[in-house]
Amino acid sequence: IQRIALVGVLGLISMAVPYGLATAPQQDMRSDLWQPFKQAQISKLVGEGNIVFVDVTADWCITCQVNKKLVLEKDEIETRLRKVNVIAMLADWTLPSEEITAYLKQYDRYGIPFNIVYGPGAPNGIILSELLSINEVKKAFDQAASK
């Protein structure tokens, strides 16, 4: 009986955690910061000296929600994303998208999360790990900004 109760409690926790991380729709929370994903614009923006941060994410992706809460929404990362020469692109894969699927395949990726930073110092992009850290993102920004 104790084992059954423990399994039940763990089951409830496993459902509550993702719900708590994803209570508000992504588009609504980040619409003032994030632009819709447009791959065709990336090289032009980088050529103009900008940094482009692409976040391929989905509402159903638990790791994406963790990255958002623990890294992307933290002040030191949001401050960098809001700089004049930084363009934050949100590739929302909540619903199937042929454009996003083709983009992921270019990097031999078939799942998410997928984050990449482009800039004058990294015109081909710096692919970040699936589970982001603040230091990793800051380092990628610094490298992408350098010439």
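This report walks through a predicted model of one protein chain, from its overall layout to a few details worth finding on screen.

**The overall layout**

Let's start with the big picture. The protein chain contains seven helices and five strands. If you read along the sequence, you meet them in the pattern α-α-β-α-β-α-α-β-α-β-β-α. There are 147 residues in the chain, and 37% of them are buried. The outside of the chain exposes about 8500 Å², with carbon and sulfur atoms supplying 58% of that. Now think about who touches whom: among contacts with a separation of 6 or more, 71% are between residues 24 or more positions apart.

**Two nonpolar cores**

Time to look inside. The largest nonpolar core is built from 21 residues, and I42, V52, V54, V56 and Y103 are the ones with the most contacts inside it. Several elements chip in: α3 (39-47), β2, β3 (86-92), α6 and β4 each give at least two residues to this core. Another core, of 20 residues, lies apart from that one, and its members include L72, V117, A122 and A140.

Y103 is a good residue to click on. Leaving out residues up to four places away in sequence, which ones does Y103 touch? The list is F37, Q39, I42, V54, V56, F114, I116 and Y118.

**Rings that meet**

The structure holds six aromatic pairs. One of them is F53 with F141, a stacked pair whose ring centres are 5.9 Å apart, with 15 degrees between the planes. This pair ties together distant parts of the chain, since F53 sits in strand β2 (residues 51-57) and F141 in helix α7 (residues 134-145), 88 residues apart. Are these two rings' residues buried or exposed? F53 is buried, with a relative accessible area of 0%, and F141 is buried too, at 3%.

Elsewhere you can find an aromatic cluster made of F37, Y103, Y107 and F114. You have already met Y103 as a member of the largest core.

**A disulfide**

How many disulfides does a search of the whole structure find? Just one turns up, and it joins C61 to C64, with an S to S distance of 2.3 Å. The torsion about this S-S bond is about 75 degrees, so the disulfide is right-handed. Both ends are tucked away from the surface: C61 is buried at 5% relative accessible area, and C64 is buried at 4%.

Here are the accessibility values for a few of the residues in this report, side by side.

| Residue | Relative accessible area | Status |
|---|---|---|
| F53 | 0% | buried |
| F141 | 3% | buried |
| C64 | 4% | buried |
| C61 | 5% | buried |
| D108 | 60% | exposed |

**Odd spots in one loop**

The last row of the table brings us to the backbone. Most residues other than glycine have a negative phi, and most peptide bonds are trans. The loop between α6 and β4 is where D108 lies, and the phi of D108 is positive, near 55 degrees. D108 is also exposed, with a relative accessible area of 60%.

What is the peptide bond from I112 to P113, cis or trans? That bond is cis, with omega near 10 degrees. P113 is in the loop between α6 (98-106) and β4 (114-119), so follow the backbone along from D108, which lies in that loop, and you will come to it.

Methods
Residues numbered from 1 in each chain as written. Predicted model: local features only at pLDDT ≥ 70, side-chain atom pairs only at ≥ 80, totals over all residues. Heavy atoms only, no water. Helix = DSSP H or I, 4+ residues; strand = E, 2+ residues; numbered from the N terminus. Buried < 20%, exposed > 50% of the residue type's maximum accessible area, 1.4 Å probe, protein only. Contact = heavy atoms within 4.5 Å. Areas by Shrake-Rupley, 256 points an atom, 1.4 Å probe, with all protein chains shown as cover. Phe/Tyr/Trp six-rings, centres within 6.5 Å; stacked < 30°, edge-to-face > 60°. Disulfide = S-S within 2.5 Å. Core = buried A, V, L, I, M, F, W, Y, C linked by side-chain atoms within 4.5 Å.
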